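How might one read a chain of this kind, moving from its overall contacts down to single strands, helices and residues? The paragraphs below take that route, and the reader may wish to keep the structure in view while following them.

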Amino acid sequence: MAKRQDTKKFFENLSGSGKSIGVLTSGGDAQGMNAAVRAVVRMGIYVGAKVYFIHEGYQGMVDGGENIEEASWESVSSMLQVGGTVIGSARCKEFRSHEGRLKAAHHLVQHGITNLCVIGGDGSLTGANLFREEWSGLLEELVQQGLIDQEAAQNNSELHIVGMVGSIDNDFCGTDMTIGTDSALHRIIEVVDAIMTTAQSHQRTFVLEVMGRHCGYLALVSALACGADWVLIPEMPPEDGWEEQMCQKLSESRSRGSRLNIIIVAEGATDRHGKAITVDNVKDLVVRCLGFDTRVTILGHVQRGGTPSAFDRILASRMGVEAVLALLEASATTPACVVSLCGNQAVRLPLMECVQMTQDVQKAMDEKNFEEAVRLRGRSFENNLNTYKLLSFRKADSELPHSSFNVAVLNVGAPAAGMNAAVRSAVRVGISEGHKMFAVNDGFEGFYKGQIKEIKWGDVGGWTGQGGSILGTKRTLPAKYLDKIAEQIRIHNINALLVIGGFEAFECLLQLYEARTSHEDFCIPMCMLPATISNNVPGTDLSIGADTSLNAIVETCDRIKQSASGTKRRVFIIETMGGYCGYLASVGGLAAGADAVYIYEEPFDIRDLQSNVEHLTEKMKTGIQRGLVLRNENSNVNFTTDFIYQLYSEEGKGVFDCRKNVLGHMQQGGAPSPFDRNFGTKISAKAIQWISKKLKESYKEGKVFANTEDTACLLGMRRRALVFQPVVQLKEETDFVHRIPKEQWWLKLRPLMKILAKYKTSYDVSDSGQLEHVTRIRPKKD
């Protein structure tokens, strides 16, 4: 048990005994809903509450009977990797009527359920809030009708509601990501990647329709993630005359050598006058104006299907646990809240504030106030839209600002999926800002050998979906070659550097910063973007490439679990990469439903191994007869994967048998996930804008001279914001021997994984729990 400190608040003080929680999924299904249900059930049982499934959404609540069923720990096993919702969802007209809600209240009181966790869209959550407001009136009616007695009314006098937003459209204000959005993007991007290869073969144009009747998030982000030529979304209808502009853009891209065009249309897209724009309209337009061979693909319900992505499982698991904590802490005066994500931070927001803002977006769109609609959608949406505009519309040379600065881009360290998206973004934003962009092959090794050449707008077309590093990447550090690198900076007149890579890139930037005293050539703005599957770079919560790697791990674990379920009584020991950083193992373990995860940051001894074996032995007595154990490659020098495998095999004799699996370099490969494409694209664009600003500030008397700490920075995601941090200041936060940051946010998720695997543990909840308010971004006054 962790020591209790006064500043921390542990949830052992929150007891659920005597409480009953009902969990339901309502409205359209979304991948990840099951992970949320599983987390609510297990966390609820863990704190001593009774948890009930309410099958078929509100319909089940109205109908009662077998639709309301007590859940057990085992009843949510094997749900994590299943798409949709196992407990069913239905749209319910009856619940909209007073009589329907009266029946629902009666059925809840029969089971003593006064805590509801609703997983659904804004309609479902609004319904829940109305139900809560009417609750005391409904109970009075039930007493008058003789259906319940006064005592039952007294015992169930308060109804608490916590919502989680499950919606693939990401159309709910107040939360950065809703459960299911990331998985839907995975489906779209899989289709787009497949279509691109056939389109390339035949020089075709493809028009794709994606879901989003009132919200263009899926269309916008998938357009950003695949580098689509044109996107049509409801929040920002195209200007009049868009048909001509679009055809001109398509023909320009063909004349620059592109063999295909992709146009993405949200199903709710309209023009400025509210007239619907359909995929067939767009196809006819392209055929009529350009004569291109054009095909239409409507993705439809494919987007709702399939297995949830790693991101959605982690999001849903975190939200589910947070929802139970919010219910335990709720009082008569707390408003119904939704648990959501802001940046990388779990937050609670008043449900009706979010619903109000979501409705305000629709109102702004109806009133044709489109700028307002985009702003109300939130930071994340606005950033996506601005980045998309920056990257896809090439200005004519005459329109470009002329900066006369040369900016070089290079990759350092091991390859990470999403590096190419970051390079593409840097090159295009740099050109838009008027700079000359240079690509360096093979990291600093290529730099000192002079493998540096100018890279143009068209050279990076189609790069977003490519895995690995097209520029080539090496682990070579610059310290030994400072003179040669300085010489190359002079030869090519390089005025700024963008380094995309992992821990080595951080070390490189530090070395160049420290070499400024002896080499004036390094007195130029330098920025680093974290890109490594290990996610072990200081100054950032997330790195480009880690999400793709997590998905590879989770996909493999799913298959392995399936094989273990088939043979029964089998435990798999799986080794993951990550160096000394346990991020992939821990977060992968949370997403795959592991029983134990061994990492370097949390030392373990033979007694821990013994207790894990005993835990699995107990588990084999239940209906879940399989086990999954993850081990980070450097978690312990003596307790190797082989050692753990042999120990488990020996100790589990007669109860379970073991298999082991080393995942290896498959964790580094593959096409980047939508998250990594989008993250790489956005932070790279932001980095180039920062470089432009620093170049202007440090340009004096005909040359660039930048020698302050704040001109050698790392751009990272810290909790809720993207921040530029001087690398020299990050030195203090770094353990250079083990190549990890001294403090890592994801260690807080470890207890979550243990709770969901039925271990007694201490969980610090001081980070969660404060009810916040929805912030509205006001338009900037000029």
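Among the contacts in this predicted model between residues at least 6 apart in sequence, 79% join residues at least 24 apart. The protein has 24 helices and 27 strands. Its radius of gyration is 27 Å, close to the 28 Å that the globule rule gives for 782 residues, so the protein is as compact as a globular protein of that length. Taken along the principal axes, the box that the C-alpha atoms fill is roughly 90 × 70 × 50 Å.

Of the 782 residues, 61% count as buried, while the protein exposes about 30200 Å², of which carbon and sulfur atoms supply 48%. As for charge, there are 86 positive and 92 negative side chains, and the centres of these two sets lie 4 Å apart.

Among the strands, β6, which spans residues 205-210, is a useful place to begin, as 6 of its 6 residues are buried. Both faces of β6 are covered, with Thr 205, Val 207 and Glu 209 buried on one side and Phe 206, Leu 208 and Val 210 buried on the other. Strand β6 pairs in the parallel sense with β8 (residues 261-266) over 6 bridges, and there the bridge partner of Val 210 is Ala 266. Strand β6 also pairs with β9 (residues 294-298), again in the parallel sense, over 5 bridges, with Val 207 standing opposite Val 296 of β9.

Farther along the chain comes helix α12 (residues 370-377), which is mostly covered, 6 of its 8 residues being buried. The buried residues of α12 are Phe 370, Ala 373, Val 374, Arg 375, Leu 376 and Arg 377, and they pack against α11 (351-366) and α13 (379-392). After α12 comes Gly 378, which has a positive phi, near 110°.

Helix α14 (residues 419-432) contains Asn 420. Why does Asn 420 count as buried? The reason is that Asn 420 has a relative accessibility of 0%, which lies under the 20% limit for a buried residue. Leaving aside residues up to four places away in sequence, Asn 420 touches Trp 463, Gln 466, Gly 467, Gly 468, Ser 469 and Ile 470. Asn 420 can also be set beside Ser 684, for although the two are 264 residues apart along the chain, their C-alpha atoms are separated by 11 Å.

The last element to follow is strand β24 (residues 712-718), which is mostly covered, with 6 of its 7 residues buried. Strand β24 takes part in two kinds of pairing: strand β17 (residues 526-530) runs parallel to β24 and is joined to it by 3 bridges, whereas β25 (residues 721-726) pairs with β24 in the antiparallel sense over 6 bridges. In the parallel pairing, Met 528 has Leu 714 of β24 as its bridge partner, and in the antiparallel one, Gly 716 has Val 723 of β25. Strands β24 and β25 form a hairpin with 2 residues between the strands, and in this hairpin Arg 719 takes a positive phi near 50°.

Terms used
Residues are numbered from 1 along each chain as its sequence is written. This is a predicted model: local features need pLDDT of at least 70, side-chain atom pairs count only at pLDDT 80 or more; totals for chains, interfaces and linings use all residues. Side-chain values use heavy atoms; hydrogens and water are left out. Buried means under 20% relative accessible area, exposed over 50%, partly exposed in between (1.4 Å probe, protein chains only). Helices (H or I, at least four residues) and strands (E, at least two) are DSSP runs, numbered from the N terminus. Two strands pair if DSSP finds at least two bridges between them. The radius of gyration is taken over C-alpha atoms; the globule rule is 2.2 Å times the number of residues to the power 0.38. Contact means heavy atoms within 4.5 Å. Accessible areas come from the Shrake-Rupley method with a 1.4 Å probe; for residues, only the protein chains shown count as cover. Lys and Arg count as positive and Asp and Glu as negative; His and the chain ends are not counted. The place of a charge is taken as NZ of Lys, CZ of Arg, CG of Asp or CD of Glu.
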